[in-house]
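Here are a few exercises to work through with the model open beside you. Try each one before reading its solution.

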Amino acid sequence: MRLPSRPALIGVIAALALTSCGTGGGPGDSSTTLTIAANSIEGGKNAESAQWIKQWVIPEFEKTHPNVKVLFQPSGVDDEQYKTKIALDLKSRTGADVIDLDGIWVGEFAQAGYIKPLTEVGGATVEQWEGWSQIPQAVQGLGIFDGKKYGLPQGTDGRVLFYNKTLFTKAGLPATWQPRSWQDIIDAGTRLKAAGVPTPIQLNAGTAMGEATTMQGLLPLLAGAGAEIYTAGKWTGASPAMKDALGLYQRVYGGSGLGDPKLQQEAKGRDKSFAQFAEGKIGILAESDYFWRSVIEPKAGVAPMKDRDQAVGYAKIPAKQPGSGIRGQDYVSMSGGAVRVLNPFSKNPRLAWDLLAFMHSAAATKAQLAGQVRISARTDVNDEVLTADPMLKYIADDVLPLTAYRPGVAVYPQVSTALQEATAAVVSGRSADEAATAYQAKLEGIVGGAANVSG
């Protein structure tokens, strides 16, 4: 791509500055302008979000702030293109006042100085916001980096164990199942195998599954062994917790017949696992609530199950043993999602916070859902809108309070690939210890040496 000349670039930045970061005088001045940026556009990418901003957020906020004009800067591009654009805006101290970011970018932007903690920008009233009491502490973690709140979480999700009740009955297992340890999962898999189930356990592994291996497999297990992948500025290497997590992969794929190693290596193995679960060939599958609402959804799912509501059960992912999970938890999960942040260079930071808080109010959250049954970050909204879907309400009530998030730092994608490679090594026959040792060597090369790794 050909970049504009320096004079032209300066001109672009100057033009952006005139329409960004708010204009005019102090709060309530007749010339005050606020701007919202999101990677959504009417008629294109994330169109529903764009419509909500233009048709609900802006007119409703302007009703209560008659001297404020709110503008929307839509985008409809690849996520990395959007990320680059926002980073360039913030680096040049321009850009919108309220900005949508993927939660996984928060740490990277914070480390670069592109964003600041909400209280530093919005002032003391940030901590007094009513919404904090409605967002579980674990869910707030989506917008937290190094213990400081940088953004407000939007919708989120959770990882659980799905299981086929029909196959469980065939194996003499309870239709209502909640394993309390990893051993309980192995024991259930052994019973399913004895009952003739082709694939008792599907635990995403290998590089072909991509980030699904990390988020649905390795990271929840690591959390269940009491560790997170990144803590206090250090990355988890070949620690006992990492070896425990890889050890469970070895128990599933190392000759026990509880999992299908070949499925983990196929280019479309994850899609195939979806189909096999729907066909009654997989007993237990670790996935996000996306699997329930979009994959096996009876009418419009990718692999629809007409009897989903009767045949499919779901359970929390247990820690290795009761109490051995992160924060001393009995059960664990991982979540993803997006956040909204404040531009630290906003000319009207207090008003920008008012707008951000308004966008995350109960009324705004319900308006964004537009009647759809989806999990929001707010407990009060979830209590109202999820009553029609017991599974999603289960995620909101029982899973989100104990969840965790990926670290939002720049090298995470490379670390994730190294984790996927470690699980692939186990699936291919290497021991958990060997895979962990090889992973640590790769990790040290990624994160700048052993000083940045905890063993």
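Helix axes here are lines fitted to C-alpha atoms over the stretch in contact, and the angle between two of them runs from 0 to 180 degrees between N-to-C directions. Keep in mind that this is a predicted model.

**Exercise 1.** Work out how α9 and α19 are arranged relative to each other.

*Solution.* Start with the packing: α9 and helix α19 (residues 412-427) meet at an angle of about 70°, and their axes lie 9 Å apart. Angles from 65 to 115 degrees count as roughly perpendicular, so α9 is roughly perpendicular to α19. Last comes the hand: the α9 and α19 crossing is left-handed.

**Exercise 2.** Check the length of α9 against its residue count, then describe its course and its surroundings.

*Solution.* Helix α9 covers residues 211-224, which is 14 residues. At 1.5 Å a residue the expected span is 20 Å, and the end C-alpha atoms are 18 Å apart, so the two agree. Now follow the axis: α9 bends by about 35° at L218, with a proline, P220, following within four residues. As for cover, 13 of the 14 residues of α9 are buried. After the helix comes G226, with a positive phi near 100°.

**Exercise 3.** Do the same for α10, and list its buried residues.

*Solution.* Helix α10 (residues 240-253) has 14 residues, so at 1.5 Å each it should span 20 Å; its end C-alpha atoms are 20 Å apart, which agrees. Buried means under 20% relative accessible area, and in α10 the buried residues are A241, M242, A245, L246, G247, L248, Y249, V252 and Y253. To read such a list, remember that an α-helix has 3.6 residues a turn, so residues three or four places apart point the same way. G255 follows α10, and its phi is positive, near 105°.

**Exercise 4.** Which strands pair with β11, and in which sense?

*Solution.* Take β7 (residues 159-164): this strand pairs with β11 in the antiparallel sense, over five bridges. Within that pairing, V160 has E287 as its bridge partner. Next, β8 (residues 199-202) pairs with β11 in the parallel sense, over three bridges, and I201 stands opposite I284. Finally, check the cover: seven of the seven residues of β11 (residues 282-288) are buried, so the strand is largely enclosed by the rest of the structure.

**Exercise 5.** Find the edges of the sheet that contains β9, β10 and β17.

*Solution.* Three strands make up this open sheet, in the order β9-β10-β17, with mixed pairing. β9 (230-231) and β17 (453-454) each have a single partner strand, so they stand at the edges, with one side left without a neighbour in the sheet. For β9 and β10 (residues 234-236), the pairing is antiparallel over two bridges, with T231 bridged to K234.

Conventions
Residues numbered from 1 in each chain as written. Predicted model: local features only at pLDDT ≥ 70, side-chain atom pairs only at ≥ 80, totals over all residues. Heavy atoms only, no water. Expected span 1.5 Å × (residues − 1). Bend = angle between axes of the 7 residues up to and from the residue. Buried < 20%, exposed > 50% of the residue type's maximum accessible area, 1.4 Å probe, protein only. Pairing = 2+ DSSP bridges. Parallel < 35°, antiparallel > 145°, perpendicular 65-115°, else oblique. Left-handed = near helix turned anticlockwise from the far one by under 90°.
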